[in-house]
Amino acid sequence: MSDTQSLLQQGAIGSVTVPNRFVLAPMSRASAQDDGTPTPNMARYYAKFARGGFGLLIAEGAYTDDQYSQSYSNQPGLVSDAHEKGWAQVVQAVNAEGGKMILQLIHAGAVSQHVEHSYAPSAVRPSGTMLQGYGHKSGAYDVPRELDLKEIDAIKQGFVQAAKRAENAGFDGVEVHCANGYLLDQFLTPETNLRTDQYGGSLENRIRLTQDIIGDIQLTTGRDFLVGVRLSQAKATNPDYFWHNGVKDAEVIFSALAQAGADFIHLASEAKGYAYHSATRQGENLSALAKKLTGLPVIANGGLHDAALANAIVSQDQADFIAVGKTAMLNPDLPKRIAQGRPLRDFSYDVFSYGVSIEAQGKWDAEQSVSA
Ligand SMILES: Cc1cc2nc3c(=O)[nH]c(=O)nc-3n(C[C@H](O)[C@H](O)[C@H](O)COP(=O)(O)O)c2cc1C
């Protein structure tokens, strides 16, 4: 068997069939208009990945309400008619190249670098410092204000309305972001959730908000519209975070989300790659567990541009799909290159020399091809 055969086989999530197992990982490019409307340049950017062979694209996290969900300046949103129209143009461009597309929905909570006052499950300052290149704020995060139950309800509504708009815009589904230290992960994480109501305390309570959001979106959108979830142990500013009770916690989390009606589970990685982040402290593999326990399609992520490694994960039934992030940024045709046995351009953080936006990368790319 060639060492890419499993990767090049057709797959499916619900009724959405995908010609191969490559998924574009969501990557915030801070390239929307100031009011969060996606641009024609974003449509051209995403279309390149579909043209390059990515069967399924997960678009960068879009904010879900105009209160305090926005993470960064120039982050796209999905809360207005203009946003919906902008995204519809992005989806059309991707579909025209044969690609399927899911939108990630994200609420920043305590790690917003955009809003004046951030809100979170509890008034706990996030560890680490703000990300560079994503807006005017920098340094330590603020201490967020604690959300009351009415505000939590409004957050749920924000996710549901945004999902409905995503369906109108032509997306094949949405991915609810409960990972990397953003709002829903702040609820899940005991260090940032000190609540004593139905959203705090036990793990069952801490996953409840994500569960409710998934269930409510399923009720509001059509049967074929996918509703997935992104999970991670690590936080953007703390790569060494692990779920305290390993497999026991994972079983509660995966089962709760499957019962809520999730169509897929995406296990995300931070800096140290899939093997490190998708295992418990004791070394048990979480993507394989998610598959076995729920029977749902699972997307693995983290340093998986290495075709042999990615292929082994799929062929050994540890995951169904492989999401590629940074290396795809420099190789939008990564699936085609791998299928044809052509080498990949190595990722380098130099790509952000002029900033994180698509336009900034364009400038850097132009310089590279001139000097190549
Ligand atoms: C520039 C950049 C932006 C990112 N934005 C998001 C995002 O919007 N949502 C998300 O869940 N992950 C985001 N990520 C994380 C990636 O989806 C992915 O998990 C990470 O890059 C590891 O995969 P890789 O090793 O293939 O790059 C981002 C990563 C990068 C490099």
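The following exchange goes through strand pairing, burial and ligand contacts in a predicted model.

Biologist: What makes strand E4 mostly covered?

Modeller: The count of buried residues does. In E4, residues 56-63, eight of eight are buried. A residue is called buried when its relative accessible area is under 20%, so each of the eight falls under that cut-off.

Biologist: How do you know that E3 and E4 pair?

Modeller: Pairing needs at least two bridges between the strands. Strand E3, residues 22-24, is joined to E4 by two bridges, so the requirement is met. The two strands run parallel. Leu24 has Leu57 in E4 as its bridge partner.

Biologist: What joins E4 to E5, and which residue stands opposite Ile58?

Modeller: Six bridges join E4 to E5, residues 100-106, and these strands run parallel. At least two are required, so E4 and E5 count as paired. Ile102 in E5 is the residue opposite Ile58.

Biologist: Why is the unit of E4, H2 and E5 called right-handed?

Modeller: The term describes the path from the first strand over the helix to the second, which runs clockwise when the strands point away from the viewer. Here the strands are E4 and E5, and the helix is H2, residues 81-96; together they make a β-α-β unit with that hand.

Biologist: How do you know that E8 is largely enclosed by the rest of the structure?

Modeller: Strand E8, residues 173-180, has eight of its eight residues buried, so the description follows. On one pairing, E8 meets E5 in the parallel sense over four bridges, with Gln104 opposite Glu175 in E8. E8 is also joined to E9, residues 226-235, by seven bridges, again parallel. In that pair, Cys178 has Leu231 of E9 as its bridge partner.

Biologist: Which residues are closest to the ligand?

Modeller: Of the 19 residues that surround the ligand, the closest are Pro26, Ser28, Gln104, Arg230 and Asn301.

Biologist: What makes the approach of Ser28 to the ligand a polar contact?

Modeller: The cut-off is a pair of N or O atoms within 3.5 Å. A side-chain N or O atom of Ser28 is 2.6 Å from an oxygen atom of the ligand, so the pair qualifies. By that test Lys326 qualifies as well, with a side-chain N or O atom at 2.8 Å from a ligand oxygen. Gly61 uses a backbone N or O atom, at 3.3 Å from an oxygen atom of the ligand, and this also lies within the limit.

Biologist: How much of the ligand's accessible area does the protein cover?

Modeller: On its own the ligand has 610 Å² of accessible area, and the protein covers 87% of that.

Terms used. Residues numbered from 1 in each chain as written. Predicted model: local features only at pLDDT ≥ 70, side-chain atom pairs only at ≥ 80, totals over all residues. Heavy atoms only, no water. Buried < 20%, exposed > 50% of the residue type's maximum accessible area, 1.4 Å probe, protein only. Near = heavy atom within 4 Å. Polar contact = N/O pair within 3.5 Å; in protein donor to acceptor, adjacent residues only side chain to side chain. Areas by Shrake-Rupley, 256 points an atom, 1.4 Å probe, with all protein chains shown as cover.
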